[in-house]
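Colleague: I've got a chain to look at and a few things I'd like to ask about it. Can you put it up on the screen?

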Amino acid sequence: MSYEPKLAAALSGATLRQLSHWRRASGKQGALLVPEISDSRPILYSFRDVVALRACVKLRKETSLQKIRRAVDTLREDLGEREHLSAYALVAGPDTIYLAAPEQAVDLIRGGNVVIHQLVDVLAPFYKDGRHIPDLLKPRDHVAVDSAVRGGEPVIEGTRIPAAEVAALVRDGVPPDRVSDFYPGVSAAAARDAVDFSDYVDSYVDSSQQVAA
């Protein structure tokens, strides 16, 4: 499963303009996150990319993009850490960003090790600019995202049925309580959740005009 920018934005909380900005280099600094599957049209993100993007969005709420880029550069160039960005726990602190480990953290801006007591759960729901960004693994009560199920495509919980297909049926005029005629086991509530989630994803078309910094 690959995520087109609109879905990656909806699941991560980034705007479409931010995604575009973050996959480009800035001065001497490299791109913040280049899509793992395809960085040229069509742009396609992986599940790991979405997890990393959520971390970047949460960091951006606490600190500047310049510091985030500097922290990632330190992680890559100074510490030699070359795993996918989603493999690391990055935590914003007062005027810095930490690489968190089980017992201590590395200060990626000022150097040195410190002890931190709380990590941010990048999968948990949060708010950004007044918008509710849903839980990554359960964006709606009856919609689930599991990298082991259809590669992470949003599906009706407990099934392999794509939420987008259920939403398309309802938008084509099938009442939610009749969706089970096409997909046995999909309740009316699940069908409504699929439509609600699809509406949320579609709302990211207009968010591309938001400021990227």
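Modeller: Before we start, one cut-off: a residue is called buried when its relative accessible area is under 20%. Also, keep in mind that this is a predicted model.

Colleague: Fine. How many of the 16 residues of helix 3 are buried?

Modeller: Helix 3 covers residues 47–62. Its buried residues include Phe47, Val50, Val51, Leu53 and Leu59, and also charged ones such as Asp49, Arg54 and Lys58. Helix 3 is largely enclosed by the rest of the structure, because the buried count is 12 of 16.

Colleague: And what does helix 3 reach from its first C-alpha to its last?

Modeller: With 16 residues at 1.5 Å a residue, you'd expect 22 Å. The model comes close to that, at 24 Å.

Colleague: Which residue has a side-chain oxygen that reaches a backbone nitrogen at the start of helix 3?

Modeller: The nitrogen in question belongs to Arg48, and the oxygen comes to within 3.4 Å of it. The residue that supplies this oxygen is Ser46.

Colleague: Just ahead of that helix I noticed an odd proline. Which residue is joined to Pro42 by a cis peptide bond?

Modeller: Pro42 sits in the loop between helix 2 (16–22) and helix 3. Most peptide bonds are trans. Here omega is about 0°, and the partner in the bond is Arg41.

Colleague: Let's move to helices 5 and 6. Are they roughly parallel or roughly perpendicular?

Modeller: The axes of helix 5 (residues 163–171) and helix 6 come within 8 Å and cross at roughly 100°. Angles from 65 to 115 degrees fall in a single class, so helix 5 against helix 6 is roughly perpendicular.

Colleague: What classes of residue make up that contact?

Modeller: Helix 5 brings Ala163, Ala164, Val166, Ala167, Val170 and Arg171, while helix 6 brings Ala191, Ala194, Val195, Ser198, Asp199 and Asp202. Sorted by class, that gives eight nonpolar, one polar and three charged residues.

Colleague: Ser198 caught my eye there. Is Ser198 buried or exposed?

Modeller: Ser198 belongs to helix 6, residues 188–202. Beyond its sequence neighbours within four places, Ser198 is in contact with Ala163, Ala164, Ala167 and Arg171. Its relative accessible area is 11%, which is under the 20% cut-off, so Ser198 counts as buried.

Colleague: Asp193 is in helix 6 as well. Which backbone nitrogen does its side chain reach?

Modeller: At 16% relative accessibility, Asp193 is buried too. Leaving out residues up to four places away in sequence, Asp193 touches Arg140, Asp141, His142 and Val143. The side chain of Asp193 comes to 3.5 Å from a backbone nitrogen, that of Asp141.

Colleague: How far apart in space are Asp193 and Arg131?

Modeller: In sequence, 62 residues separate Asp193 from Arg131. From C-alpha to C-alpha, the distance is 18 Å.

Colleague: Now for backbone oddities. What is phi of Asp129?

Modeller: Asp129 lies in the loop between strand 5 (126–128) and strand 6 (131–133), and it is exposed at 68% relative accessibility. Most residues other than glycine have a negative phi. Asp129 is not a glycine, yet its phi is positive, near 55°.

Colleague: Is Arg150 buried, partly exposed or exposed?

Modeller: Arg150 also has a positive phi, about 55°, without being a glycine. Its place is the loop between strand 7 (143–144) and strand 8 (155–156). A relative accessibility of 34% lies between the 20% and 50% cut-offs, so Arg150 counts as partly exposed.

Terms used: Residues are numbered from 1 along each chain as its sequence is written. This is a predicted model: local features need pLDDT of at least 70, side-chain atom pairs count only at pLDDT 80 or more; totals for chains, interfaces and linings use all residues. Side-chain values use heavy atoms; hydrogens and water are left out. Helices (H or I, at least four residues) and strands (E, at least two) are DSSP runs, numbered from the N terminus. Buried means under 20% relative accessible area, exposed over 50%, partly exposed in between (1.4 Å probe, protein chains only). Contact means heavy atoms within 4.5 Å. The expected span of a helix is 1.5 Å times one less than its number of residues. A polar contact is a pair of N or O atoms within 3.5 Å; within protein, one must be able to donate a hydrogen and the other to accept it, and residues adjacent in sequence count only if both atoms are side-chain atoms. Axes are lines fitted to C-alpha atoms, for helices over the stretch in contact, and angles run from 0 to 180 degrees between N-to-C directions. Angles under 35 degrees count as roughly parallel, over 145 as roughly antiparallel, 65 to 115 as roughly perpendicular and the rest as oblique.
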